[in-house]
2 protein chains.
Amino acid sequence: MKTRVFVTLKNGVLDPQGKAIHHALEGLGFKGVNDVRAGRLIEIDHEPGLSQTELEDMCRKLLANMVIENFEIEQKG
Amino acid sequence: MKTRVFVTLKNGVLDPQGKAIHHALEGLGFKGVNDVRAGRLIEIDHEPGLSQTELEDMCRKLLANMVIENFEIEQKG
């Protein structure tokens with residue numbers, strides 16, 4: 001069973017990586033981009049027994065820094 | 001308009017970051033995890049005029065390294 005965890009910076013937290021990507025896109029001639037935010041994607045392949053609570057626990061304890069980041073869990077089945 | 005780009009390592013490409021996360025999860029006492037792969041998430045806020053082709057172009061030219069990575073584009077509206 002596969003689960004995807006998306007870790008994104010909270011609103012208001014500066015994102016130099018996103019800024020750099022935005023700048024590079026403009027340098028390459030792409031127009032119409034207003035903002036870019038960079039985050040992390042973590043794909044977890046696990047036994048079906050692993051509960052949503054355990055996954056949230058993993059995020060809180062290891063995968064995301066709850067001070068500056070949010071996480072989203074997407075079960076892929 | 002927001003679009004999410006998921007950049008993941010191709011199958012067979014070694015992923016030391018994913019391995020480290022997997023190992024750390026086991027160290028924290030989480031059981032039932034078979035494998036972890038780490039990737040990147042890029043959120044692009046753009047004008048509605050930006051086409052799918054342009055987004056794919058961005059991925060190929062800047063966001064993903066097509067030799068070792070795949071990308072997925074998800075329009076969020």
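This report walks through the contact between chain A and chain B in a predicted model, then zooms in on A:Arg37.

## How much touches

Let's start with the head count. On chain B, 35 residues are in contact with chain A, and 35 residues of chain A sit on the other side of that contact. The two chains bury about 2,900 Å² between them. Carbon and sulfur atoms account for 63% of that area. Which three residues of chain B supply more of its buried area than any other three? They are B:Phe30, B:Leu41 and B:Leu62, which together give 19% of what chain B buries against chain A.

## Charges and polar pairs

There's polar chemistry across the interface too. The rule picks out 14 residue pairs in polar contact, with both partners at pLDDT 80 or more. Sorted by class, the side of chain B that touches chain A has 17 nonpolar residues, 12 charged ones and six polar ones.

As for salt bridges, the count between the chains is two. B:Arg4 and A:Glu72 meet in a salt bridge through their side chains, at 2.9 Å from N to O.

## Which elements take part

Four elements of chain B each give two or more residues to the side that touches chain A: strands β1 (2-9) and β2 (33-46), plus helices α1 (16-27) and α2 (52-63). Which one gives the most? That's β2(B), with 14 residues.

The partner strand is worth a look as well. Strand β2 of chain A, residues 33-46, pairs with β2(B) in the antiparallel sense, over 13 bridges. If you want a place to check the register, A:Asp45 stands opposite B:Asp35 in β2(B).

## A closer look at A:Arg37

A:Arg37 lies in strand β2 of chain A. Is this arginine buried or exposed? It counts as buried, because its relative accessibility is 19% and the cut-off is under 20%.

So what surrounds A:Arg37? Setting aside neighbours within four places in sequence, its contacts on chain B are B:Leu41, B:Ile42 and B:Glu43. Within chain A, A:Arg37 is in contact with A:Leu9, A:Lys10, A:Asn11, A:Gly12, A:Val13, A:Leu14, A:Asp15 and A:Gly18. Its side chain reaches the backbone oxygen of A:Lys10 at 3.0 Å, and also that of A:Val13 at 3.0 Å.

One last distance, if you're tracing the chain: A:Arg37 and A:Pro48 are 11 residues apart in sequence, with 32 Å between their C-alpha atoms.

Conventions:
Residues are numbered from 1 along each chain as its sequence is written. Chains are lettered from A and ligands numbered from 1 in the order in which they are written. This is a predicted model: local features need pLDDT of at least 70, side-chain atom pairs count only at pLDDT 80 or more; totals for chains, interfaces and linings use all residues. Side-chain values use heavy atoms; hydrogens and water are left out. Contact means heavy atoms within 4.5 Å. Buried area is the accessible area (1.4 Å probe) that two parts lose on being put together, summed over both. A salt bridge is a side-chain nitrogen of Lys or Arg within 4 Å of a carboxyl oxygen of Asp or Glu. A polar contact is a pair of N or O atoms within 3.5 Å; within protein, one must be able to donate a hydrogen and the other to accept it, and residues adjacent in sequence count only if both atoms are side-chain atoms. Ala, Val, Leu, Ile, Met, Phe, Trp, Tyr, Cys and Pro count as nonpolar, Asp, Glu, Lys and Arg as charged, and the others, Gly among them, as polar. Two strands pair if DSSP finds at least two bridges between them. Buried means under 20% relative accessible area, exposed over 50%, partly exposed in between (1.4 Å probe, protein chains only).
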